[in-house]
Amino acid sequence: MVSIALKKLRIGCAITLAALVLYPDVSHADESGISFWLPGQEGSLAATPTTPGWSIGAIYYHTNVNATGAAAAAREFQVGRFSPTVNINLNVSLSGQGDLAFVAPTYTFATPLFGGQASMTLAGIYGRSAARIAGTLTAAAGPIVTTRSGFLEDALTSYGDLYPTFKLKWNSGVNNYMFYATGDIPVGDYNPSRLANIGTGHGAIDLGGGYTYLNPATGDEFSGVAGFTYNFKNPDTQYQSGIDFHFDWGVSHFMSKQVFVGFVGYAYQQITDDFGQPAVLGGFRSRIFGIGPQLGYIFPIGDNQAFLGVKGYGELDAANRPSGWNTWLTFSISEAAPKTVTPTRHLVTK
């Protein structure tokens, strides 16, 4: 029974949990505290092969974050279009909220490539981003001082960038391995003078790999995915974010053939300095950790297989980026695994 559930979960959720490369503009690091890679987008069964053919995944993502000091001042620097040489006030606070919908159609190839299973995904995003800066917003360049007391706030409901992803997976018993390459096509709604955006305003390339331990006999599973992001320069702001390292993980156990429970987490660390930031911010390297529970349910829809899952993260030890909590509601549909046919023995007479 457990092995059946594991096969279904590979079909129903691995594509969605592992394939999306999405982000909300209110919540994460680098330029203005925003990153291309959304920590937590990978999770359980990330490296397990899936059923060849088409599948589609959808996620509702909600996040609520806050920041003070350099992370808030960086957003002030962005919307004020100040020169990197000015001294900006760090005595401000930033709060943000995102409600976003992600859609990711995926095609998994039946023909092996380098002995593994290849897939292609193109993910898109639509939703609402809101942000607010409160305090005394001040910038000084020599004798010229600009001050705004009170608060700035902004909200935007629109579309985001496009995120193509290529994955190659290999299976050897309970061990599963994955290589991935993804990136950001910056076509989303972005304006450097806005406090809230859906697009990043710059391209990015992300490369990495993953491993999944999956034991059908015990129903236990562990997955980890690590990668590096290279960010291109933002042509509107002439700001270039540094190189980022990220690690997402998940553990799960099947309570029945349809239900599994477990935990998820992530670690995110910027490893090189940004370029174009104010001197007062220094290298502006960001860091954050997150951990929380997950729950999944597998069920049939007609001739297809469906997955419904929820997971949540509480964030801690943040540096130079907003932090708070976020939740993911995942739904995916894919083709059912081909049934095993037992050959029929015929009596042949001469």
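1. Let's start with L308, a residue of strand β13. Please keep in mind as you look around that this is a predicted model. With a relative accessibility of 38%, L308 counts as partly exposed, because that class covers values between 20% and 50%.

2. L308 also belongs to a nonpolar patch on the surface, about 840 Å² in area. The other contributors are Y60, M255, V261, L295, Y297, I301, V310, L329 and F331. Three elements each supply two or more residues to this patch: β12 (287–301), β13 (304–319) and β14 (323–335). The top contributor is β12, with three residues.

3. How do β12 and β13 run, and how many bridges join them? They are antiparallel, and 12 bridges join them. One place to look is L295, which stands opposite V310 in β13; both residues are also members of the nonpolar patch. The hairpin of β12 and β13 has two residues between the strands, and G302 there adopts a positive phi near 60°.

4. On to β11, residues 259–270, which is antiparallel to β12 and joined to it by 11 bridges. Here Y268 has I288 of β12 as its bridge partner. The ring of Y268 has company too: R321 lies over its face, 4.5 Å from the ring centre. A similar kind of contact is worth a look at W328, where the charged end of K311 sits over the ring at 4.8 Å from its centre.

5. The loop between β11 and β12 holds a salt bridge of its own, formed by D273 and R285, with the closest N and O atoms 2.6 Å apart. Both partners lie in that loop, so the pair ties together parts that are 12 residues apart in sequence. D273 is partly exposed at 33% relative accessibility, and R285 is partly exposed at 38%.

6. In total, the structure holds five salt bridges. Another of them joins K167 and E42, at 3.2 Å from N to O. K167 is in strand β6 (residues 163–172) and E42 is in the loop between α2 (14–19) and β1 (53–68), so this pair links parts 125 residues apart in sequence. Is K167 buried or exposed? K167 is buried, with a relative accessibility of 3%, and E42 is buried as well, at 1%. D189 and R194 form a further salt bridge, their closest N and O atoms being 2.8 Å apart.

7. Finally, the aromatic residues: the count comes to 13 aromatic pairs. If you would like a cluster to inspect, try the one formed by W54, Y107 and F109.

Note on methods. Residues numbered from 1 in each chain as written. Predicted model: local features only at pLDDT ≥ 70, side-chain atom pairs only at ≥ 80, totals over all residues. Heavy atoms only, no water. Patch = residues over 30% accessible without salt bridge, like charges linked within 9 Å, V, L, I, M, F, W, Y side chains within 5 Å. Areas by Shrake-Rupley, 256 points an atom, 1.4 Å probe, with all protein chains shown as cover. Salt bridge = Lys/Arg side-chain N within 4 Å of Asp/Glu carboxyl O. Helix = DSSP H or I, 4+ residues; strand = E, 2+ residues; numbered from the N terminus. Buried < 20%, exposed > 50% of the residue type's maximum accessible area, 1.4 Å probe, protein only. Phe/Tyr/Trp six-rings, centres within 6.5 Å; stacked < 30°, edge-to-face > 60°. Lys NZ or Arg CZ within 6 Å of the ring centre and 35° of its normal. Pairing = 2+ DSSP bridges.
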